[in-house]
Amino acid sequence: MTSAIGRPRFVGVLTLAILTWIGLNLLLPAMGRVSFDPPPFAYLQDVGGLLSLYITSLILITQRHDEQLAEHRAQLTLELAIVTEQKNAKIIALLEEMRRDHPHLVDRVDEQATSMAQPADPQAVLDAIKDTHGDILTIHDTP
């Protein structure tokens, strides 16, 4: 529903409905009939207020849902990045081991490869994120 309300067509349909409502209520007395909502159109105001309440609620519900999806995506992205980093560290460690064990390659110490072969500590990453964005994480952790 929020998708339909967010389209320009909704404004056109709403405007047409309001003009029809007002037009009918102005034409009916001219035709000798009783108007169902005479000016100042109290029922139209009530319907407009109720419609506003529902639209606002729909927008808030949709925003909350989108926020939860974004949080899940961010968590998944972080988890994938950590797993990928661990895999890369393992590949580097295996390559270094292969280089050391291969009889035709000169054995040497590569400090950069040694440090890259150590996977990052996920808890240290989480602590660094909390230090940088502490208030944001603690707010969303509460139910």
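Glu96 is buried, with a relative accessible area of just 12%, where buried means under 20%, exposed over 50% and partly exposed in between (1.4 Å probe, protein chains only). You'll find Glu96 in helix H3; helices here are DSSP runs of H or I with at least four residues, strands are runs of E with at least two, and both are numbered from the N terminus. Setting aside neighbours within four places in sequence, Glu96 is in contact with Asp110 and Ala113, contact being heavy atoms within 4.5 Å.

A word on the source: this is a predicted model, in which local features need pLDDT of at least 70 and side-chain atom pairs count only at pLDDT 80 or more, while totals for chains, interfaces and linings use all residues. Residues are numbered from 1 along each chain as its sequence is written, and side-chain values use heavy atoms, with hydrogens and water left out.

Back to H3. Glu96 shares the list of buried residues in H3 with Leu44, Ile55, Ile82, Ala89 and Arg99. What do the buried residues of H3 pack against? Their partners are helix H1 (2-5), H2, helix H4 (111-116) and helix H5 (122-132).

Both H3 and H2 have the span you'd expect, taking 1.5 Å times one less than the number of residues. Here are the two helices side by side:

| Helix | Residues in helix | Expected span | Distance between end C-alpha atoms |
|---|---|---|---|
| H3 | 60 residues | 88 Å | 88 Å |
| H2 | 23 residues | 33 Å | 33 Å |

Just after H2, Gly32 takes a positive phi of about 85°. A little further on comes Ser35, in the loop between H2 and H3. Is Ser35 buried or exposed? Ser35 is buried, at 14% relative accessible area. Its side chain makes a polar contact with the side chain of Asn25 at 2.7 Å, and also reaches the backbone nitrogen of Asp37 at 3.5 Å. For the record, a polar contact is a pair of N or O atoms within 3.5 Å; within protein, one must be able to donate a hydrogen and the other to accept it, and residues adjacent in sequence count only if both atoms are side-chain atoms. Beyond its neighbours within four places in sequence, Ser35 is in contact with Asn25, Leu28 and Pro29.

Now for the aromatics. Rings of Phe, Tyr and Trp (its six-membered ring) pair if their centres lie within 6.5 Å; planes under 30 degrees apart count as stacked, over 60 as edge-to-face and the rest as tilted. That rule gives one aromatic pair. The ring centres of Trp21 and Phe36 are 5.4 Å apart and the planes sit at 75°, so this pair is edge-to-face. Trp21 belongs to helix H2 (residues 8-30) and Phe36 to the loop between H2 and helix H3 (42-101), so the pair ties together parts 15 residues apart in sequence. Trp21 is partly exposed at 22% relative accessibility, and Phe36 is partly exposed too, at 41%.

Zooming out, the protein chain has six helices and zero strands. Its C-alpha trace spans about 105 × 35 × 15 Å along the principal axes. Of its 143 residues, 10% count as buried. Residues 24 or more positions apart account for 45% of the contacts with a separation of 6 or more.
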